[in-house]
Amino acid sequence: MLHAADTQSPLLSMEAVDKWYGAFHALKNINLTVRKGEKIVLCGPSGSGKSTLIRCINALEKIEKGTIMVEGTKLDDSGKSIDAVRREVGMVFQSFNLFPHMTILENCTLAPMRVRGTGKAEAEKIARKYLERVRILDQADKFPAQLSGGQQQRVAIARALCMEPKAMLFDEPTSALDPEMVKEVLDTMIGLARDGMTMICVTHEMGFARQVADRVIFMASGEIIEEAPPETFFRNPSHPRTQAFLGEILAHH
Amino acid sequence: MGAIGQNEILFLAQGLKWTLLLSIIGFVGGGVFGLGIALARTSERSALRKTAAGYISVFQGTPLLMQLFVVYYGIALLGVSIEAWMAVAIAFTLHASAFLGEIWRGGIQAIPKGQTEAANALGLHYLSRMKDVVLPQAFKVSLPATIGFLVQLIKGTSLAAIVGFIELARAGQIVSNQTYRPLLIFGIVGAIYFTICWPLSLYGARLENRMAKAAR
């Protein structure tokens, strides 16, 4: 383990959360507590609800039942609680979602300027700091389309970091990448984990899970099936569905 | 047959001035209100969406000529007396806002959902999400269609003649009646319209081409 998680009050918690898409029960009685500095890896077959789960945390999806708390803020329908949560939680998407009409630097300065009211010079200073950290500062004046997928995803990480979030959500950050670019993004994420960032990652990169995760959570059919530290999770998965899933993906890796 | 002298040319130039002014007023006014229509049409509130959709249907489903009549005589019936050019400007603004609103609605909806999600995840509010993220991309996508509509609008200003407004086409008709040289006069009038509209069409087509290449 890279960093011992804090034992204080949780940074983030989900209690008895249920979500439906029409008649489809997407999340079933989800209970999850994440302490400051913890790294969680969420895995499971496609359609198991793992992406939906993390998208509920920053209110990209609405929940029908249960409670989500982030840094003491209870997420409800009010714009105020959603704002508060989004200020503290950054997100990285599978398809990068950089703003194509802005330069890399502008992508990174927009939110601090508009949401935090940071001045332009200060926002650029922060942006350069994080672009440096993801080792892409030399591309600051280019447009997203001029960068490789791996570079774009690292910019997306820097863009989220510029809001100086308390936690980061990763939604299959390497799934849309060519194989040779997966490593540079994972290395960036590992660096972030080393620095103590609280992270919830939906990923099938089991090497990353082994190396970084404090806990690995396995989901299927909208439920959390199993939750364990990586050593236990990979060596002795207790649930047959976890065993079947691990058997399948590890056979391919 | 009368000769075509300086007076005739000046008269046509007067008409051209009004054609251009009407086009600009219609386009600018239509642009401002059209933006409102496009935003209402893509709003999360269904009442706004439906109102905007109704507005668009009415103005897309009736002839511009009729819209001109209704505004021109309608305002007079309300007991407000306004000048012909004001009535025409209002009618063109309403007309253009419906069409531009629908064109830009399409542009807004063509922007991938991930853009809005990324903006949301960063905590950006509606205003910034639209102004900084969605609209600049939507306008770019809609530019060829917008230019196409501008060309239609410029030619459509000739309909203002029906309520007694002397723009380029009507000026041509008057000069032609005085000089008895319709072919020459309307040839000149047509050439003037063409000189304005064709470069715009060409520019629109080129933009579309460039975007198609960039998307490949």
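This report describes two sheets of chain A, the helices that pack on them, some residues with positive phi, and a surface patch of chain B in a predicted model.

**The four-stranded sheet**

In chain A, four strands make an open sheet whose order is S2-S1-S4-S5, with antiparallel pairing. Its edges are strand S2 (24-34) and strand S5 (73-74) of chain A, each of which pairs on one side only. Helix H1 (residues 50-57) of chain A packs on this sheet, where it touches strand S1 (12-21), S2 and S4 of chain A. The direction of H1(A) makes about 120° with that of S1(A).

Five bridges join S1(A) and S4(A) in the antiparallel sense. Within this pair, Ile68(A) in S4(A) is the residue opposite Met14(A). On its other pairing, strand S4 (residues 65-70) of chain A is antiparallel to S5(A), over two bridges. Here Val70(A) faces Thr73(A) in S5(A). S4(A) and S5(A) form a hairpin with two residues between them. Glu71(A), in the turn, has a positive phi of about 50°.

**The six-stranded sheet**

A further open sheet in chain A has six strands in the order S6-S7-S8-S3-S9-S10, and its pairing is mixed. Strand S6 (89-92) and strand S10 (223-228) of chain A are the edge strands, each pairing on one side only. From one strand to the next, the twist averages 20°. S6(A) runs parallel to strand S7 (residues 167-171) of chain A, and four bridges connect them. One bridge places Met91(A) with Leu169(A) of S7(A).

Two helices lie across this sheet. H1(A) crosses strand S3 (39-43), S6, S7, strand S8 (198-202) and strand S9 (215-220) of chain A, at about 150° to S7(A). H1(A) thus has a place on both sheets, since it also packs on the sheet that holds S1, S2 and S4 of chain A. Helix H6 (residues 179-194) of chain A lies across S3, S7 and S8 of chain A and runs at about 150° to S8(A).

Pro179(A) belongs to helix H6 of chain A. Pro179(A) is exposed because its relative accessible area, 68%, is over 50%. Between Pro179(A) and His204(A) there are 13 Å in space, C-alpha to C-alpha, and the two are 25 residues apart in sequence.

**Positive phi in two loops**

Most residues other than glycine have a negative phi. Asn97(A) and Ser221(A) are not glycines, yet each has a positive phi. The table gives their values and places.

| Residue | Phi | Loop in chain A | Relative accessible area |
|---|---|---|---|
| Asn97(A) | about 55° | between S6 and helix H3 (104-115) | 9% |
| Ser221(A) | about 50° | between S9 and S10 | 33% |

With a relative accessible area of 9%, Asn97(A) falls under 20% and therefore counts as buried. Ser221(A), at 33%, is partly exposed because its value lies between the limits of 20% and 50%.

**A nonpolar patch on chain B**

Leu78(B), Val80(B), Ile82(B), Trp85(B), Met86(B) and Ile90(B) make a nonpolar surface patch of about 510 Å². Among them, Met86(B) lies in helix H4 (residues 84-110) of chain B. The relative accessibility of Met86(B) is 36%, so this residue counts as partly exposed.

How values were computed: Residues numbered from 1 in each chain as written. Chains lettered and ligands numbered in written order. Predicted model: local features only at pLDDT ≥ 70, side-chain atom pairs only at ≥ 80, totals over all residues. Heavy atoms only, no water. Pairing = 2+ DSSP bridges. Contact = heavy atoms within 4.5 Å. Axes fitted to C-alpha atoms, helices over the stretch in contact; angles between N-to-C directions. Patch = residues over 30% accessible without salt bridge, like charges linked within 9 Å, V, L, I, M, F, W, Y side chains within 5 Å. Areas by Shrake-Rupley, 256 points an atom, 1.4 Å probe, with all protein chains shown as cover. Salt bridge = Lys/Arg side-chain N within 4 Å of Asp/Glu carboxyl O. Buried < 20%, exposed > 50% of the residue type's maximum accessible area, 1.4 Å probe, protein only.
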